[in-house]
Amino acid sequence: MSTRHNYKNLKIWILGLEIANDISDLLIDFPKYELYNLSSQLSRCSISIPSNIAEGSSRTNKSFGHFLNISLGSSFELGTQLLIRHHRQYIKQEKLKQLENKLEEFQRMTMSFQNGLSQ
């Protein structure tokens, strides 16, 4: 029998939401001419992280695993997007490291959670 999950109680969802909010705060200082290009892409992949956890939580464990894969993929995409922004000098090294650490924690936690679903 498959268990449904209340996404609001999942530590991975809480951390994913925190990451999305961190990115939203970061975008306030980005150049306005990047609004529809870099900022939009960064925002979309960060929002995808907790959103896919929430959507998948109502599904079977097998299907939930698929949504967790999408969320993980978005977290890796976000890491790449942050490096591009850092290269363009929109993000300072300290802030980049802080966000990378959160992303790595999210990825570890999500992979561990995902492994537990398949047992």
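**Exercise 1. In which helix is the place of Gln81, and is Gln81 buried or exposed?**

Let's work through this one on the predicted model.

- Step 1: Find the element. Gln81 sits in helix 3.
- Step 2: Check the accessibility. Gln81 has a relative accessibility of 7%, and buried means under 20%. Gln81 therefore counts as buried.
- Step 3: Look for its partners. Leaving aside residues up to four places away in sequence, Gln81 touches Gln41, Leu42 and Cys45.

**Exercise 2. Which residues of the largest nonpolar core touch the most other members, and which helix gives the most to this core?**

- Step 1: Pick out the best-connected members. The largest nonpolar core has 24 residues, and those touching the most other members are Ile19, Ile23, Ile53, Leu78, Leu82 and Phe106.
- Step 2: See where the core comes from. At least two of its residues are supplied by each of helix 1 (11-27), helix 2 (35-56), helix 3 (61-87) and helix 4 (93-117).
- Step 3: Find the main contributor. With seven residues, helix 1 gives the most to this core.
- Step 4: Put this in context. In soluble globular proteins, nonpolar side chains tend to be buried together.
- Step 5: Zoom in on one member. Not counting residues up to four places away in sequence, Leu78 touches Ile19, Ile23, Leu42, Cys45, Ser46, Ile49 and Leu103.

**Exercise 3. At what angle do helix 1 and helix 3 pack, and which residues make the contact?**

- Step 1: Read the geometry. The axes of helix 1 and helix 3 lie 13 Å apart, and the packing angle is about 30 degrees.
- Step 2: Classify the angle. Angles under 35 degrees count as roughly parallel, so helix 1 is roughly parallel to helix 3.
- Step 3: Add the handedness. Helix 1 passes helix 3 in a left-handed crossing.
- Step 4: List the residues. Helix 1 brings Ile12, Ile19, Ile23 and Leu26 to the contact, while helix 3 brings Leu68, Leu78 and Leu82.
- Step 5: Sort them by class. The contact of helix 1 with helix 3 has seven nonpolar residues, no polar and no charged ones.

**Exercise 4. At roughly how many degrees do the axes of helix 3 and helix 4 cross, and how do the contact residues divide by class?**

- Step 1: Start with the axes again. Those of helix 3 and helix 4 come within 10 Å and cross at roughly 165 degrees.
- Step 2: Apply the cut-off. Angles over 145 degrees count as roughly antiparallel, so helix 3 is roughly antiparallel to helix 4.
- Step 3: Note the handedness. Helix 3 passes helix 4 in a left-handed crossing.
- Step 4: Divide the residues. The contact of helix 3 with helix 4 has 14 nonpolar, eleven polar and one charged.

Technical notes
Residues are numbered from 1 along each chain as its sequence is written. This is a predicted model: local features need pLDDT of at least 70, side-chain atom pairs count only at pLDDT 80 or more; totals for chains, interfaces and linings use all residues. Side-chain values use heavy atoms; hydrogens and water are left out. A nonpolar core is a set of buried Ala, Val, Leu, Ile, Met, Phe, Trp, Tyr and Cys residues joined through side-chain atoms within 4.5 Å. Buried means under 20% relative accessible area, exposed over 50%, partly exposed in between (1.4 Å probe, protein chains only). Helices (H or I, at least four residues) and strands (E, at least two) are DSSP runs, numbered from the N terminus. Contact means heavy atoms within 4.5 Å. Axes are lines fitted to C-alpha atoms, for helices over the stretch in contact, and angles run from 0 to 180 degrees between N-to-C directions. Angles under 35 degrees count as roughly parallel, over 145 as roughly antiparallel, 65 to 115 as roughly perpendicular and the rest as oblique. A crossing is left-handed if the near helix is turned anticlockwise from the far one by less than a right angle, and right-handed if clockwise. Ala, Val, Leu, Ile, Met, Phe, Trp, Tyr, Cys and Pro count as nonpolar, Asp, Glu, Lys and Arg as charged, and the others, Gly among them, as polar.
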